[in-house]
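Open the model in your viewer and keep the selection tool at hand. We will go stop by stop.

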Amino acid sequence: MKVHGYYDDVPRLLAESSAVVSMAGYNSVAEILQSRVPAVFLPRTSPRREQLIRARRLAELGFAECLEDPSTTDLEGAVER
């Protein structure tokens with residue numbers, strides 16, 4: 001597994017990835033969904049809850065997993081799925 005903190009060519013990186021872990025900002029979610037790479041969203045909940053609402057709904061629809069305050073084991077399991 002390779003972890004990138006920052007990468008300047010996100011579409012190419014997504015195309016080369018088997019999974020992605022990300023916050024659930026609008027632009028990030030749009031790029032990730034467009035790539036069709038399995039995703040685990042770790043939404044920010046403060047100061048606004050819009051990422052949480054978005055990530056939960058996408059999880060309900062089966063497009064991604066949403067983890068709120070996960071343990072390392074929870075995150076590892078979600079990425080493996």
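In which loop is Asp 69 found? Select the stretch between strand 3 and helix 4 (72-80): Asp 69 is in that loop. This is a predicted model. Asp 69 is exposed, at 77% relative accessible area. Now add Thr 45. The two are 24 residues apart in sequence, and their C-alpha atoms are 9.9 Å apart in space.

Next, select helix 3, residues 50-60. Color Gln 51, Leu 52, Ala 55 and Leu 58, the buried residues of this helix. Look down the helix axis: these buried residues fall within an arc of 135 degrees, so they line one face. Show what covers them, including helix 2 (26-35), strand 2 (39-41) and strand 3 (65-66). Then turn to the face pointing away from the buried side, where Ile 53 and Glu 60 are exposed. Just after the helix, stop at Gly 62, which has a positive phi of about 85 degrees.

Now for the salt bridges. The structure holds five. Stay in helix 3 for one of them: Arg 54 and Glu 50 pair at 2.6 Å, N to O. They sit four residues apart, about one turn of the helix. Glu 50 is partly exposed, at 31% relative accessibility.

Move on to Glu 65 and Arg 81, a salt bridge with its closest N and O atoms 3.0 Å apart. Glu 65 lies in strand 3 and Arg 81 in the segment after helix 4, so the pair ties together parts 16 residues apart in sequence. Glu 65 is partly exposed at 23%, while Arg 81 is exposed at 66%.

Last stop: select Glu 16 and Arg 12, whose salt bridge has its closest N and O atoms 3.4 Å apart. Glu 16 is exposed; Arg 12 is partly exposed.

Methods
Residues numbered from 1 in each chain as written. Predicted model: local features only at pLDDT ≥ 70, side-chain atom pairs only at ≥ 80, totals over all residues. Heavy atoms only, no water. Buried < 20%, exposed > 50% of the residue type's maximum accessible area, 1.4 Å probe, protein only. Helix = DSSP H or I, 4+ residues; strand = E, 2+ residues; numbered from the N terminus. Arc of directions from axis to C-beta. Contact = heavy atoms within 4.5 Å. Salt bridge = Lys/Arg side-chain N within 4 Å of Asp/Glu carboxyl O.
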